[in-house]
Amino acid sequence: MGRRGRACVVVLGDLGRSPRMQYQALSLARQMSLEVDVVAYGGSKPHAAILEHPSIHIHTMTQWPTIPRGLPKVLKPVLLLLKPLIQFFMLLWFLCVKIASPDVFLVQNPPSVPTLVAVKWASSLRRSAFIVDWHNFGYTLLSLSLGRRSHFVSIYRWIEKYYGKMANGSLCVTQAMQHELAQNWGIKATVLYDQPPEFFHPTSLEEKHELFCRLNKILHQPLGVQDCVSNARMEGQKADETIFTSLAGTDVFLKPNRPALVVSSTSWTPDEDFGILLEAALMYDRRVAAILNEDDSTNEEAFLKEISDGKQYLYPRLLFIITGKGPDKERYEEKIRRLRLKRVAFRTMWLSAEDYPLLLGSADLGVCLHTSSSGLDLPMKVVDMFGCGLPVCAVSYSCIEELVKVEKNGLLFSSSSELADQLLMLLKGFPDDSDVLKKLRNGTLEMGLSARWATEWEEHAKLLITEVISQFDD
């Protein structure tokens, strides 16, 4: 596999929040038997499989500090120029001095500036091959904050295209992106679809119970006022009980009147309109009340007492667990605190790389709000959900049907009202008589069995990387 049998994976971001690049590093080490250096920012903890692999070596760069909100506007353009310059020299230092010379650099895009420039320079200086893994277009993400007409966006796009074309090979995440790169950028890319690795799988009853026991405290802590989950806790609840499960001897049982668990993962950024989910939750709450002929005078304490006594309703309570970190998290948490919902509760949290797949495998439904700044990438969070056998309701956009097959493994929506309708349809009769939801789950499980990251990588990425290294060596 080349002179040195070594690869370098470059991520100008938090490695723990870059699952695809973690999987790339694992595959390079496992499936090509390469020594792998990963150059990235720290922050969130990567998966244990990365940390424990003897051939993977993580090199952590110092992260650029967050720009203070009160900074004078006149200084912002200066920092916009200063930040990539400092990042550029830091990258060069790591790629040319700190690590051993690799056969190939594999770099995540975006961000494009200064990453592509630095990696191209480093590959020339070290006589190594250079492959770009296109997750999205960096200039489209920048345009969300600066606008499409910004000169900065135009310059960014030129740099992204110019240096992207200089790569020795390219991977991308969708056929739509492959077409865009070929037609308008002059770049030939190989499609490497995101697929779940082996640690994303359906969760057993025992694993669910252990997870909910670990999360029990945070699940009973509402965002603001008490809600239908925190208030429904029985005073005499046993230590081996959770909101969702109970233990009888050594056997675990799912409670028949448990809330439906709906999971959404978000980076709390402008390309995900979390307001859609809040509006849909409000509509679900109001529509269920109307269907059951309840009004504002209906005694909430009596409702919670009935839940504690084990009563089941035609439409279940909903517990939304929202995972992830990002800039808009606090703003939306404040909006959640102002909601007054009878049958719906929200929790926000950040889970370890080991607990996150367990949560997905324990949930009843996933929701994805990703819309894509370019309209050409796919949400990896949905791939993870499918790997755990979890059906998904996702926002509809141009290429999402490359991933979500309507009425087979999920549904698509374009508004909060549509999402509310889907929640009502899927969860009616939950948990035993929700036939439409069961059909989607079965379809998700069937489709998920045939799609795994290692297989996809072996068929597409390994061939490209091998060819690029051998051509570069000749």
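The points below concern the aromatic pairs and the charges over rings in this predicted model.

1. With ring centres required to lie within 6.5 Å, the count comes to 18 aromatic pairs. One of them joins Phe-88 and Trp-121, whose ring centres are 5.1 Å apart and whose planes meet at 85°, so that the pair is classed as edge-to-face. This pair links distant parts of the chain, since Phe-88 belongs to helix α3 (residues 76–98) and Trp-121 to helix α4 (residues 115–125), with the two positions 33 residues apart in sequence.

2. The partners in that pair should be described separately as regards exposure: Phe-88 is buried, at a relative accessible area of 11%, whereas Trp-121, at 43%, is partly exposed.

3. Trp-268 and Tyr-332 make a tilted aromatic pair, with 6.1 Å from centre to centre and 35° between the planes. Trp-268 is placed in the loop between β10 (260–265) and α9 (275–291), and Tyr-332 in helix α11 (residues 329–338), so the contact ties together parts that are 64 residues apart in sequence. Trp-268 counts as buried, with a relative accessibility of 1%, and Tyr-332 is likewise buried, with a relative accessible area of 6%.

4. Beyond these two pairs, a cluster should be mentioned, in which ring pairs link Tyr-23, Phe-199, Phe-200, Tyr-356 and Trp-453.

5. Charged side chains also deserve a place in the description of the rings. Lys-325 has its charged end over the ring of Trp-350, at 4.6 Å from the ring centre, while Arg-157 lies over the face of Tyr-139, with a distance of 5.2 Å to the centre of that ring.

Note on methods
Residues numbered from 1 in each chain as written. Predicted model: local features only at pLDDT ≥ 70, side-chain atom pairs only at ≥ 80, totals over all residues. Heavy atoms only, no water. Phe/Tyr/Trp six-rings, centres within 6.5 Å; stacked < 30°, edge-to-face > 60°. Helix = DSSP H or I, 4+ residues; strand = E, 2+ residues; numbered from the N terminus. Buried < 20%, exposed > 50% of the residue type's maximum accessible area, 1.4 Å probe, protein only. Lys NZ or Arg CZ within 6 Å of the ring centre and 35° of its normal.
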